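Here's a quick briefing to read with the structure open beside you. Take it one topic at a time and look up each residue as you go.

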Amino acid sequence: MPGAKMHDDELDVDGPLVRRLIAGQFPEWAGLPVTGIASAGTDHAMFRLGDDLVVRLPRRPGTAGQVAREQRWLPRLAPDLPLAVPVPLGLGAPAPGYGHPWSVLRRLAGRDAHTAPIAELGSAAVELGRFVAALRKADATGGPVSWRGGPVAANDRYVRAAIRDLGAAGAVDPAAATALWEEVVRLPQWDGEPVWLHGDLLPGNLLTEAGRLTAVIDFGGLGVGDPAADTLAAWAVLTAGTRGLFREASGTDATTWARGRGWALCFGLMAEHYYRRTNPVLAAVAHRTTTEALADHAAGGA
C-alpha cells in the first residue's frame with residue numbers, strides 16, 4: 001500500500017470518516033466494524049465494512065465521476081460476464097468532511113493477484129480472454145468513453161518524456177522503447193464501433209483464490225472505445241507462453257493486438273515514471289509490463 005500521498009489533490013480518507021458516513025447515511029450498517037484494505041490502487045480508498053461489504057471512496061476530486069459510472073453500468077453488465085464483478089449495493093452522497101459520492105459494494109472473496117499471484121496462468125489466460133470477449137459483445141449504446149478508450153498515440157508526449165527520464169535513470173532501454181513506440185504510433189487506428197472496456201486489467205484488479213482467477217474488480221475505467229486497451233492484460237499479467245491463449249479466447253485481430261502491446265508499453269512507462277517514488281507496488285507492475293512488451297517485440301511477437 002502506498003505510504004505517502006500519490007497526488008497533489010489527494011483527499012484525506014480514513015476509518016473514522018467512513019464510520020461517520022455510514023452512520024449518517026446507512027444506519028442499518030452503522031454497527032459493523034470498518035477496516036482499511038491495503039491496496040496499491042491510485043483512484044480509490046477501500047474499507048471493509050463487516051464481513052460482507054466494502055466501502056469505496058474516490059481519493060481525488062477528479063475520479064469522483066467514476067462512482068456514477070460503476071453504479072449505473074455494473075448491474076447491467078454483471079449478469080453477462082463469466083467472472084464475478086462487484087455490484088453496488090448503496091450510493092453514498094456527499095457529506096460534511098467528504099464532498100463527493102461514494103459506494104458500498106458486496107465484498108468478493110479472494111486476494112488481489114499481485115499479493116496472491118495466479119498459479120494457473122494458462123487457465124487464467126483463457127478465462128480473462130473470455131471475459132474481455134463478453135464485455136466486447138455487450139450492448140455499448142450510451143456507454144461513456146473509457147479513459148483508455150481513445151488512440152494510444154494520444155499519449156505520445158508523455159511516453160517520450162517517460163522514455164527520456166527512465167532511460168537516463170537506467171530503468172529502460174531508451175532505444176528499444178523508442179523503436180517500439182515509433183511502430184505503435186504508425187499503426188492503423190480502430191475503425192469499428194466502440195465496445196465496452198474494463199480499461200485497467202492489472203494484477204491489482206484481479207482476485208484469486210487458491211491460485212485461480214475468480215473475479216475482476218475496480219471498474220473505474222469502465223467505458224467504451226478501442227478494444228486494444230483491454231489486451232493490456234496480456235503483458236501486465238500473463239507470460240510469453242500464455243499470451244496466445246488470451247488472444248485466441250478474446251478473438252483479437254493482429255492490428256488490435258499490436259495496438260494493445262502499445263498500450264502495455266504506454267501504461268508501463270507512464271505509470272513507472274509517475275509512481276516510482278510514491279507507489280512502489282504499481283511501479284513494479286509497470287516495470288514488468290514494459291519489460292514484457294519490449295521482450296515480446298524483440299522476439300517478433302505478432
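Let's start with threonine 255, which sits in helix α8, the stretch covering residues 254-275. Keep in mind that you're looking at a predicted model.

**Threonine 255**
- Is threonine 255 buried, exposed or partly exposed? With a relative accessible area of 31%, threonine 255 is partly exposed, because that label covers values from 20% up to 50%.
- Pick out tryptophan 196 as well: threonine 255 is 59 residues away from it in sequence. In space, the two are 18 Å apart, going from C-alpha to C-alpha.

**Asparagine 155**
- Now hop over to asparagine 155, which is in the loop between α3 (121-137) and α4 (156-168).
- Asparagine 155 has a relative accessibility of 17%, so it counts as buried; the cut-off for that is under 20%.
- Which residues does asparagine 155 touch, if you skip its neighbours within four places in sequence? It is in contact with Trp181, Trp263, Cys266 and Met270.

**Strands β1, β2 and β3**
- Strand β1 (residues 34-36) pairs with strand β2 (residues 44-49) through three bridges, and the two are antiparallel.
- To spot that pairing, find threonine 35: its bridge partner in β2 is arginine 48.
- β2 is also joined to β3, again antiparallel, and here there are six bridges.
- One place to see this is phenylalanine 47, whose bridge partner in β3 is valine 55.
- β2 and β3 form a hairpin with three residues between the strands. Check out glycine 50 there, which takes a positive phi near 65°.

**Strand β5 and its partners**
- On one side of the pairing story, strand β3 (residues 53-58) runs antiparallel to β5, with four bridges joining them.
- Valine 55 turns up again here, standing opposite valine 104 in β5.
- Strand β4 (residues 88-92) pairs with β5 too, in the antiparallel sense and over four bridges.
- For that pair, look at glycine 92, which stands opposite tryptophan 102 in β5.
- Why is β5 described as largely enclosed by the rest of the structure? Strand β5 covers residues 102-106, and four of its five residues are buried, so the description fits.
- A handy thing to know while you look: in a regular strand, side chains alternate between the two faces of the sheet.

Notes: Residues are numbered from 1 along each chain as its sequence is written. This is a predicted model: local features need pLDDT of at least 70, side-chain atom pairs count only at pLDDT 80 or more; totals for chains, interfaces and linings use all residues. Side-chain values use heavy atoms; hydrogens and water are left out. Buried means under 20% relative accessible area, exposed over 50%, partly exposed in between (1.4 Å probe, protein chains only). Contact means heavy atoms within 4.5 Å. Two strands pair if DSSP finds at least two bridges between them.
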